[in-house]
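Good morning, colleagues. Please take a moment with the sequence and the structure before I begin my remarks.

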Amino acid sequence: PTSPELARILGDLSLKTGDLAGARTYFDKAIALDPDDYRSYLALFFAQSERFNKDAHITMSPRDAADALAKAASKAPRADVDAQFSVGMAYSSIDSLERARMHLARASELEPEREDRKKTDTLSGAHTASESDASWVVSRREPEPSTWTSQRSVRPLLAARSVVRSV
């Protein structure tokens, strides 16, 4: 492929069909085609996550995964609400709540009038997640055990919203 968007789509399709080597090749190609595009680093981060890909995921060292997310964060446009939201939700998925809070607060600053409810399409069907799911991460330092499980299960759905829309 000659575009990073196409490479990301092919990487995602390869991942979904179990071709892990092909998926990694396509995500690496997307990064090589446009090393300044945060979405390719974020796609690679999500592809390696067991939380986002229960059946098959790319194997990466924790350090490489952290590097991919750090690059996505450093390249995500500060004025792009979807970029800040996606990076924030990715950080929340690895329990890096301070970094998640920073990006989600920025997204909230950019679009304070954002609709109260978001509709996110997932492979398992439609899921409606409230804005409070993201504000929960912004407002809390330590999650209460009784709410942690339900909040954690919503995070991948919210984070995938922008990644899926951007490819």
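At the start of helix H5, a side-chain oxygen of Asp 80 comes to within 2.9 Å of the backbone nitrogen of Asp 82. I should state at once that this is a predicted model, and that the distances I quote are computed from it.

Let us stay with H5, which covers residues 81-93. Does its length fit that of a helix? With 13 residues at 1.5 Å a residue, H5 should span 18 Å, and since its end C-alpha atoms are 18 Å apart, expectation and model agree. Beyond the helix comes Asp 95, which has a positive phi, near 65 degrees.

Is H5 enclosed or open to its surroundings? Because 13 of its 13 residues are buried, H5 is largely enclosed by the rest of the structure. Ser 92 is one residue of this helix. Its relative accessible area is 0%, and the cut-off for a buried residue is under 20%, so Ser 92 counts as buried. The Ser 92 side chain also has a polar partner: the backbone oxygen of Met 89, at 2.7 Å. In general, an α-helix has 3.6 residues a turn, so residues three or four places apart point the same way.

I turn now to the nonpolar interior. Which residues touch the most other members of the largest nonpolar core? In this core of 26 residues, they are Phe 27, Leu 42, Leu 44, Phe 45 and Ile 58. At least two core residues come from each of helix H2 (20-33), helix H3 (38-48), helix H4 (62-75) and H5. The most are given by H3, which contributes 8 residues. Another core, of 5 residues, lies apart from this one, and Phe 85, Met 89, Leu 104 and Ala 107 are among its members.

Phe 27 deserves a closer look. Setting aside neighbours within four places in sequence, Phe 27 is in contact with Arg 8, Gly 11, Asp 12, Ala 43, Leu 44, Ala 47 and Ile 58.

Finally, the chain as a whole. It has 8 helices and 2 strands, and from the N terminus the order of elements is α-α-α-α-α-α-β-β-α-α. Of its 167 residues, 45% are buried. Among contacts between residues at least 6 apart in sequence, 59% join residues at least 24 apart. The chain exposes about 8700 Å², of which carbon and sulfur atoms supply 52%.

Methods: Residues numbered from 1 in each chain as written. Predicted model: local features only at pLDDT ≥ 70, side-chain atom pairs only at ≥ 80, totals over all residues. Heavy atoms only, no water. Helix = DSSP H or I, 4+ residues; strand = E, 2+ residues; numbered from the N terminus. Buried < 20%, exposed > 50% of the residue type's maximum accessible area, 1.4 Å probe, protein only. Contact = heavy atoms within 4.5 Å. Areas by Shrake-Rupley, 256 points an atom, 1.4 Å probe, with all protein chains shown as cover. Expected span 1.5 Å × (residues − 1). Polar contact = N/O pair within 3.5 Å; in protein donor to acceptor, adjacent residues only side chain to side chain. Core = buried A, V, L, I, M, F, W, Y, C linked by side-chain atoms within 4.5 Å.
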